[in-house]
Amino acid sequence: MDLHSGMPFWMALNPLYNYYHPLKKSISTHTVIVGSGITGALVAHVLCALGIKCIVIDKRTIGTGSTAASTSQLQYEIDIPLVELIKKIGEENAVKAYKCCLQSIADVENVFKPIKKDPDFESIPTYLLASNKSGEKLLKEEFDARKKANLPVQYLDKDQLKESLGIDALSALYNDTSAQLDCYKGATFILDHHLKKNEIELYSHTLISDYNKTKNGYELITENGNKINCENVVIAAGYEAGEFLPQKVMDLLSTFAIVSHPVDKKYLWKNRALIWETQTPYLYMRTTADNRIMVGGEDEEYNNADRRDAALNKKAKTLEKKFKKMFPDIPFVTDMSWAGTFSATADGLPFIGTYPYRPNMYFALGYGGNGITFSMIAAQIIGNLITGKKDDRTDLFGFNRLKHSD
């Protein structure tokens, strides 16, 4: 699948991780991770810490799939508001999902401290704006639900929001627990660290075309006929994981993003906070380490890459117009724009763990706007499952939520 087009900012900002190492022979290992983006990298990091020998493979250049097109925001909020999630899965599970995401932000930060690499990780606050009267009503209900759950949140009325952020909106929810990073740097930093320590093997430009269940695990077959025998397989291929699943578990969407020329710091809003809104699809924005402004949204149903790409220019102009309406005094000039494909689930939660009748095949599918935080959770859960440890998050994020087909 063509996962993105245009010029994703992280690919323009960073030197390409110039690693070309296709698999050219049949091999064996304990665990194979399919996917070299931020999800696969986090899984590899956790497994290496557990002493598990693993191989990471990708059909592309390392880290250039969906990770390259991510806007790399980390929030405890899930795409579905807590009050709506409670209706879908019950209060206990909904609160647990939100708290898992909150913990995950700190866990992502802690990944990079021992490897002494900084992927421009920055702790910042978040404003969730009421887009209209119904959004204002939702935020009041959401505030009450989050306070009851002891989640970090403040309610700002129109005047408080104007004083705090300098914009006109009906109200907002605020918290100071979010973060942002460069997830392309993050993925390549992690993989390079463990590669240099000889803790992983890393094969790029290697496409898995088929697989067989074996007595001791799986046999993966590449398009060139080489085989990888392993005890476990971890599918961290995001929206391209469908070939390993017997049923559809998500809906594909197209999303669009723009990034500005660098601006003088004096123009940036307070604390460089993440900003998003209640309407669907929502507009969201963040800043970058070099004082650019990144704006995303305008999501629509994915039909095909050609239609998505044809819409990019119009969508980019719409995003810039919406930003200028919110911040008319900031000199925003679009420097780069891109389109990407992502997916969402009915309840806004990821799918993590094994699918029925697929023993020892683990899925790390962090769908939705919380892909990175979900990926950290997935890495931890899968590490526990492979080593035989119970993880009480398994049922919450597992495939038991589906009516299964085989």
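# Exercises on a predicted single-chain model

With 406 residues, the chain would have a radius of gyration near 22 Å if it were a compact globule, and its value of 21 Å agrees with this. The model is predicted, and the exercises below concern its overall form, its pockets and cavities, and selected residues.

## Exercise 1. Overall form

Describe the extent of the chain, its secondary structure and its burial.

*Solution.*

Step 1. Taken along the principal axes, the box filled by the C-alpha atoms is roughly 65 × 45 × 40 Å.

Step 2. The secondary structure consists of 12 helices and 18 strands.

Step 3. Of the 406 residues, 59% are buried. The accessible surface comes to about 17200 Å², and carbon and sulfur atoms hold 48% of this area.

Step 4. Among contacts with a separation of 6 or more, 76% join residues 24 or more positions apart.

## Exercise 2. The second largest pocket

Determine the volume of the second largest pocket, the elements that supply its lining and the classes of its lining residues.

*Solution.*

Step 1. The second largest pocket holds about 450 Å³ of space.

Step 2. Its lining has 24 residues; those nearest the centre of the pocket are Ile167, Asp168, Lys325, Met326 and Phe327.

Step 3. At least two lining residues come from each of helix 7 (158-165) and helix 10 (312-326). Helix 10 gives the largest share, with 3 residues.

Step 4. By class, the lining of this pocket contains 14 nonpolar, 4 polar and 6 charged residues.

## Exercise 3. The enclosed space

State how many cavities of 30 Å³ or more are counted, and identify the lining of the largest cavity.

*Solution.*

Step 1. The count gives 1 cavity of 30 Å³ or more.

Step 2. The largest cavity contains about 40 Å³ of space.

Step 3. Its lining is formed by Pro22, Leu23, His205, Thr206, Leu207, Thr222, Glu223 and Asn224.

Step 4. These lining residues divide into 3 nonpolar, 4 polar and 1 charged.

## Exercise 4. Two residues and their contacts

Establish whether Val34 is buried or exposed, do likewise for Ser375, and list the contacts of Val34 and of Ser375.

*Solution.*

Step 1. Val34 belongs to strand 2 (residues 27-34). Its relative accessible area is 10%, so Val34 is buried, the limit being under 20%.

Step 2. Apart from residues up to four places away in sequence, Val34 touches Ile57, Val233, Val234, Ile235, Ala236 and Ala237. The C-alpha atoms of Val34 and Ala241 are 9.1 Å apart, although 207 residues separate the two along the chain.

Step 3. Ser375 lies in helix 11 (residues 371-386). Because its relative accessibility is 2%, Ser375 counts as buried.

Step 4. With neighbours within four places in sequence left aside, Ser375 is in contact with Thr39 and Leu42.

## Exercise 5. Positive phi outside glycine

Locate Lys116 and Asn360, and assign the exposure class of Lys116 and of Asn360.

*Solution.*

Step 1. Most residues other than glycine have a negative phi. Lys116, however, has a positive phi near 55°, and Asn360 has a positive phi of about 65°.

Step 2. Lys116 is placed in the loop between helix 5 (91-115) and strand 5 (122-129). Asn360 occupies the loop between strand 17 (351-354) and strand 18 (361-365).

Step 3. The relative accessibility of Lys116 is 76%, so Lys116 counts as exposed, which requires over 50%. Asn360, with a relative accessible area of 29%, is therefore partly exposed.

Definitions and conventions:
Residues numbered from 1 in each chain as written. Predicted model: local features only at pLDDT ≥ 70, side-chain atom pairs only at ≥ 80, totals over all residues. Heavy atoms only, no water. 1 Å grid on protein atoms, 1.4 Å probe; cavity = no way out; pocket = protein on both sides within 12 Å on 5 of 7 lines; lining within 4 Å. Points joined across faces, edges and corners; volume = space filled by probe spheres on them. Helix = DSSP H or I, 4+ residues; strand = E, 2+ residues; numbered from the N terminus. Nonpolar A, V, L, I, M, F, W, Y, C, P; charged D, E, K, R; others polar. Rg over C-alpha atoms; globule rule 2.2 N^0.38 Å. Buried < 20%, exposed > 50% of the residue type's maximum accessible area, 1.4 Å probe, protein only. Contact = heavy atoms within 4.5 Å. Areas by Shrake-Rupley, 256 points an atom, 1.4 Å probe, with all protein chains shown as cover.
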